[in-house]
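Student: I have a model open and want to learn to read it feature by feature. Where do we begin?
Tutor: Put it on screen, and we start with a pocket.
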Amino acid sequence: MSYLSTEIRDNILVVTLDQPDSKVNKLTEELISEVKDLLENTNPDDIDGIVMISGKKNNFIAGADVEMLKNKKAPGEIEDLSQRGNRLLLQLENYPKPVVAAIHGSCLGGGLEVAMACNYRVASKHSDTVMGQPEVQLGLLPGGGGTQRLPRLIGIQNALTYMLTGKNIYPRKAYKLGLVDELTHRDAVLTAAKKAVVKINSGKFEREDKRSLVHQLMEGMSPLRKIIYSQARKRAKSESKGNYPAPEKIIDCIQEGYENGMQAGLKLESENFGKLAATPESEAMVSLFFAMQSAKKNPNEEKAKEIQKIGVLGAGLMGSGIADVSANNEYRVLLKDQEVEQAAKGKKSIWDNLDKKRKKRIISEFERDRIASHVTPTDSYDGFENVGLVIEAVFEDLDLKQSIIKEVEEVAPDDYIFASNTSSLPITKIAEASRRPEQVVGMHYFSPVPKMPLLEIITTDQTADWVTATAREVGIQQGKHVIVVNDGPGFYTTRILAPFMNEALMLLEEGISIKELDKHMKQFGFPVGPAALFDEVGIDVAAHITEVLSNLFAERGVHPSKKPTELFEDGYKGKKNKKGFYKYERKNGKTKKTDPNKDIYQYFDGSGSKSMDRETVQQRMTLTMVNEAAWCLQEDILRNPTDGDLGAVLGLGFPPFLGGPFRYIDREGPNTILERLEEFEQEHGPRFTPADILKEYAKDGKKFHQE
């Protein structure tokens, strides 16, 4: 089946991209081949120009098909793929008649590279339309001319910002930068694109340089460009801690293209694309990409009940966040709190988030108001008689949650689902209060809910299949990557985080400083250090989790530190009350972390003055999490290693370039991990006792991921 269909309209060849049997268009080898044939077999004398448009509802080309990389065996094959793509896009760029891209929906990665090779770009103003070069998030660089065309369209400094972060570019920003030449209504992109062909042919179009005067000056002179490259390298190294090879190579390609011409830049781009695709960092990040794709699919979608209305109990940070992602994805929400003023405050936070998008011109004023209208604040259960799903996000107290489930059952329909957003309390215990325990499930969101991509669904032995399928479907519709785990204290993510945080306390006892501890772990690749994480999560929450998990760990002879409880009892909660491992100040309406709080050291035997070997600190911290992940797989809390990797990376910030705990074991080798754990066990005791499954894998030479 053909990817392209063509039609002559007003003497313009309209080429519709519509990948068979797929919800999205991807840049594939088949598409490259079909576009090549089209260009070579279309006589430019017979037409006035070409318009490329998508036949899909909400995407132009959503990106390159990453499966192509999996099918290539060596860097040379991947380099060749990039070279073929670049030759095609040069053909497209230099076609004798104007080629115009009519863009609506996602236009990312290879899709944007196709659009940039066109002579003119029309984009819809719709919030579905988003552009970007996210390859760096796969440990790669744009391999279809992106490192050459994006800087030439929007300037070196602007292009570096987007290529080194993978950030999205929304329509109005794209127009302001000069990435697109025209914005219009989604239903008018084809008409506008055809008019653009006429305009180019008449000689009335000249692209405006939209860079600032400072950018034009700096980018126009070779000595000043060297300063730009140098500063970009310093910034990239500082942010990546040297763990990610892609940013450096992106800068190399841009520099090569600007200083020695586009052909030289494209040649280096293809070489570097091949080299990066073969790195363990990219292999790990590509594996995460496929896991994330899988976590957005529901294997039992046919069992899911349709949900239109959700009740959210508790309008604090978590509750309002859950209401936010629900309303933004077309669910009607009853946001209940004990006081209607508190519920209204929760709705106001949702409105504020929407208004930020409106100010950035991502959505219109009408869209802001329409989405906000989905949320109804309330202090009663009025309206709960027809909710399909109730998600409670109240304080972590078992008695409270059990009393709430009884209240809800008095008013909700018989076939409703009760979901708890608890981070550690066993769902089985909560379900004991229900008349219908098979309809009780855990839906563990992460803070801040609108930004954190993971949802951990927890099922008990009694949870009905349709309930799990429905909870998963809601999570997917909310834009989350969903993993499903079995019930137990702390489930998966909280359980593997607990020993990691406990080890931080043990290191502080030994005398390491707060600043050095956090620096070592950020250097390893965690986004924040463990001391800062204590403050973010809340020392009160850490104390509660320690209590919930204490019996589980005691069975293995592990007795976690009581310091979180001591600190909490003395009024330390962390960022929320500006009293934690760090000091805080209010600046521009936000609470910002400043210096370490030296008063904390009085709770530890250590004075914070002892310097410790960086690798030892990193290994002790990381291996506690990795080993606990193995225990979770061994005890059937986890259903598979892939979910374990995804949960650790997306929920807890485990370094993406390592791919997750199980990828890390495979990369280092189970024998190596086992040896390190046994050494630490001899020195520090049973908290490092290896899981039996690690011993088994080491003995048999097995891997957790058998590609």
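Student: What is the make-up, by class, of the lining of the second largest pocket?
Tutor: Keep in mind that this is a predicted model. The lining of the second largest pocket holds 15 nonpolar, six polar and 10 charged residues.

Student: How much space lies in that pocket, the second largest?
Tutor: About 830 Å³. Its lining counts 31 residues, and the closest to the pocket centre are Glu283, Ala284, Ser287, Arg663 and Glu707.

Student: Which helix gives the largest share of the lining of the second largest pocket?
Tutor: Helix 13, with nine residues. Each helix that supplies at least two residues deserves a look: helix 2 (67–70), helix 3 (75–93), helix 13 (280–294), helix 26 (641–652) and helix 27 (661–668).

Student: Now the strands. In which sense do strand 1 and strand 2 pair?
Tutor: Read the sense first, then the register. Strand 1 (residues 4–9) pairs with strand 2 in the antiparallel sense, over six bridges. For the register, take Leu4: its bridge partner in strand 2 is Leu17.

Student: What do strand 1 and strand 2 form, and how many residues sit between them?
Tutor: A hairpin, with two residues between the strands. Check the backbone there: Asp10, in the turn, has a positive phi of about 55°.

Student: In which sense do strand 2 and strand 3 pair?
Tutor: Parallel, over six bridges, with strand 3 covering residues 49–54. Leu13 stands opposite Ile50 of strand 3. Then trace the connection: strand 2, helix 1 (residues 29–41) and strand 3 make a β-α-β unit, and the unit is right-handed.

Student: Why is strand 2 called largely enclosed by the rest of the structure?
Tutor: Count buried residues, meaning those under 20% relative accessible area. Strand 2 (residues 12–17) has five of its six residues buried, so the rest of the structure largely encloses it.

Student: On to charges. What lets side chains pair up?
Tutor: Side chains of opposite charge can pair when their charged atoms come close. How many salt bridges does a search of the whole structure find? It returns 42.

Student: Which residue forms a salt bridge with Arg233?
Tutor: Glu248, with the closest N and O atoms 3.0 Å apart. This pair links distant parts of the chain: Arg233 lies in helix 10 (residues 222–240) and Glu248 in helix 11 (residues 246–260), 15 residues apart. Next, compare accessibility. Arg233 is buried, at a relative accessible area of 19%. Glu248 is partly exposed, at 38%.

Student: How many residues apart are Asp352 and Lys348 in helix 15?
Tutor: Four, or about one turn of the helix, which spans residues 340–359. Asp352 and Lys348 form a salt bridge, and their closest N and O atoms are 2.8 Å apart. Asp352 counts as partly exposed, with 29% relative accessibility. Lys348 is partly exposed as well, with a relative accessible area of 45%.

Student: Are Arg435 and Glu410 buried or exposed?
Tutor: Both Arg435 and Glu410 are exposed. They form a salt bridge, with the closest N and O atoms 3.4 Å apart. This pair too links distant parts of the chain, 25 residues apart: Arg435 is in the loop between helix 18 (427–431) and strand 15 (440–445), and Glu410 is in helix 17 (residues 398–411).

Student: Which residues are linked in a network of salt bridges?
Tutor: Look past single pairs here. Asp355, Arg358, Lys359, Glu365, Arg368 and Asp369 are linked in such a network.

Conventions
Residues numbered from 1 in each chain as written. Predicted model: local features only at pLDDT ≥ 70, side-chain atom pairs only at ≥ 80, totals over all residues. Heavy atoms only, no water. Buried < 20%, exposed > 50% of the residue type's maximum accessible area, 1.4 Å probe, protein only. Pairing = 2+ DSSP bridges. Right-handed = clockwise from strand over helix to strand, strands pointing away. 1 Å grid on protein atoms, 1.4 Å probe; cavity = no way out; pocket = protein on both sides within 12 Å on 5 of 7 lines; lining within 4 Å. Points joined across faces, edges and corners; volume = space filled by probe spheres on them. Nonpolar A, V, L, I, M, F, W, Y, C, P; charged D, E, K, R; others polar. Salt bridge = Lys/Arg side-chain N within 4 Å of Asp/Glu carboxyl O.
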